[in-house]
Amino acid sequence: MPFRSWVEKNVNKTMKKNLLFMLPVMALCLASCEKNNGNENKPAQNLVKSMMFYTNGFSDLDLIERRFEYDAQGGLTGSELLWDGQLVMRSDITYEDNMIVETLTSSEQEKGIYRHYLNEEGYLIKSEGEDNWFSSANMSYEYEKEELVRVTVSEDYGLEEYTYHWNNGDITGVTYDYDTDYIEYYDVEDNFNIDYAAYWRSILDDMYFCSPSMIKFKGTTSKHLPHTFAGIELLYEFDADGDITKIKVLWEGGTGVIEIEYVDK
C-alpha cells in the first residue's frame with residue numbers, strides 16, 4: 001500500500017513498525033455524509049481541517065501533518081500528507097454512484113489508484129488497488145448483522161484472510177494466521193466522523209483497511225474510543241463542546257501527541 005511503501009523506501013526497518021502505526025494516525029480523514037457513498041454519518045463533530053503529530057524518541061521526523069479538503073456538502077475531496085513541512089503524498093477522491101475512487105500521487109510523482117465498490121445498501125464489498133510501490137491487491141469484505149467480520153486479500157503471492165470479532169458495537173479482536181490481537185476501549189462513544197479505527201487496524205493487520213485515505217465505511221468501525229492495543233495506550237483531551245483536541249500516544253520507548261484543528265472552530 002502507498003503510505004506503508006513510502007515508509008519502507010525511506011526509513012530503516014527498526015523504525016518501520018512504529019511508523020506503520022503513526023502514519024495511519026495522521027491519515028485519518030473525513031468522508032462524505034451522503035448515505036449512498038458508503039460512509040457513516042457522524043455529524044456530532046466538526047470537519048477536521050488538519051492533524052499535527054509531534055513525536056519523541058521515535059525517529060528524526062519530528063512533525064507529521066495531515067490537511068483535508070472538502071466540497072460544499074462537507075464531503076472529503078482531497079488530503080495532503082506532509083513530513084516536516086514537505087509534501088509526501090496527495091490523495092484525490094471522487095464519488096461515482098456505487099463506487100469511490102482514490103487517486104494518490106507521491107512527491108516523486110508516483111501514481112496509485114484505488115476503486116471501492118459498494119452494494120445497494122452502501123456497504124463496501126470489494127476494493128481494487130494498483131500503485132507504483134507494491135504489486136496490485138484486491139480485497140473483498142464480508143458482513144454479519146451489518147458488521148465487518150472478514151476481509152480476504154488477494155495479492156500476487158497468494159491469499160490472506162483477516163477475521164474481526166465484535167462486542168457491544170466494537171471490534172475487540174483481529175485474527176490472522178491463528179493469532180488474535182485484542183483491543184480495549186473507553187466507555188466513551190467515538191463521535192468522530194472520520195475512520196478513527198483505521199490506524200490501529202493497520203498496525204494489527206499490517207494492511208490499510210479499507211482505504212489508503214482512511215475513508216470511513218459503514219459497518220467497519222467501532223462505537224467507542226480505543227484505549228489500548230498492541231502495547232499502545234491512547235489518552236484524550238476534549239474541549240467544552242466535547243470534541244477531541246489532543247490525543248497522547250504512549251508506547252514502549254516513545255510518546256506522541258496529535259493536535260487536531262477543525263474547520264470553522
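This passage describes the fold, the core, the aromatic pairs and some individual residues of one protein chain. The structure is a predicted model, and every value reported below was computed from it.

The secondary structure of the protein chain comes to three helices and 16 strands. Of the 265 residues in the chain, 53% are buried. Among the contacts in the chain with a separation of 6 or more, 47% are accounted for by residues 24 or more positions apart. The chain exposes about 11,800 Å², and carbon and sulfur atoms supply 45% of that area.

The interior can be described through the largest nonpolar core, which holds 44 residues. Within this core, the residues that touch the most other members are Val 48, Tyr 164, Ile 244, Ile 247 and Ile 260. Strand E15, which spans residues 244-251, contributes the largest share of the core, namely four residues.

Aromatic side chains form a further set of interactions, and the count comes to four aromatic pairs. In one of these pairs, the rings of Tyr 186 and Tyr 236 have their centres 5.6 Å apart and their planes at 80°, and because planes over 60 degrees apart count as edge-to-face, the pair is assigned to that class. This pair links distant parts of the chain, since Tyr 186 belongs to strand E12 (residues 179-189) and Tyr 236 to strand E14 (residues 232-238), with their positions 50 residues apart in sequence. The two partners are not equally covered: Tyr 186 is partly exposed, with a relative accessible area of 24%, whereas Tyr 236 has a relative accessible area of 14% and is therefore buried. Tyr 236 also pairs with Phe 238, the ring centres lying 6.4 Å apart and the planes at 35°, so this second pair is tilted. Phe 238 counts as partly exposed, at 42% relative accessibility. Through these ring pairs, Tyr 186, Tyr 236 and Phe 238 are linked into a cluster. An aromatic ring is also involved in an arrangement of another kind, in which Lys 126 lies over the face of Tyr 117, at 4.8 Å from the ring centre.

Backbone geometry draws attention to two residues in loops. Glu 146 is not a glycine, yet it has a positive phi of about 65°; its place is in the loop between strand E8 (137-144) and strand E9 (147-155). With a relative accessibility of 56%, Glu 146 counts as exposed. Tyr 178, which is likewise not a glycine, has a positive phi of about 70°, and it is found in the loop between strand E11 (170-176) and strand E12. Tyr 178 also counts as exposed, in this case at 82% relative accessibility.

A contrasting position is that of Gly 78, which is found in strand E3 (residues 76-83). Its relative accessible area is 0%, and Gly 78 is therefore buried, as the term applies to values under 20%. When its neighbours within four places in sequence are left aside, Gly 78 is in contact with Arg 67, Phe 68, Glu 69, Arg 90, Ser 91 and Asp 92. Gly 78 and Glu 102, which are 24 residues apart in sequence, are separated in space by 8.9 Å, taken from C-alpha to C-alpha.

Methods. Residues numbered from 1 in each chain as written. Heavy atoms only, no water. Core = buried A, V, L, I, M, F, W, Y, C linked by side-chain atoms within 4.5 Å. Buried < 20%, exposed > 50% of the residue type's maximum accessible area, 1.4 Å probe, protein only. Phe/Tyr/Trp six-rings, centres within 6.5 Å; stacked < 30°, edge-to-face > 60°. Lys NZ or Arg CZ within 6 Å of the ring centre and 35° of its normal. Contact = heavy atoms within 4.5 Å. Areas by Shrake-Rupley, 256 points an atom, 1.4 Å probe, with all protein chains shown as cover.
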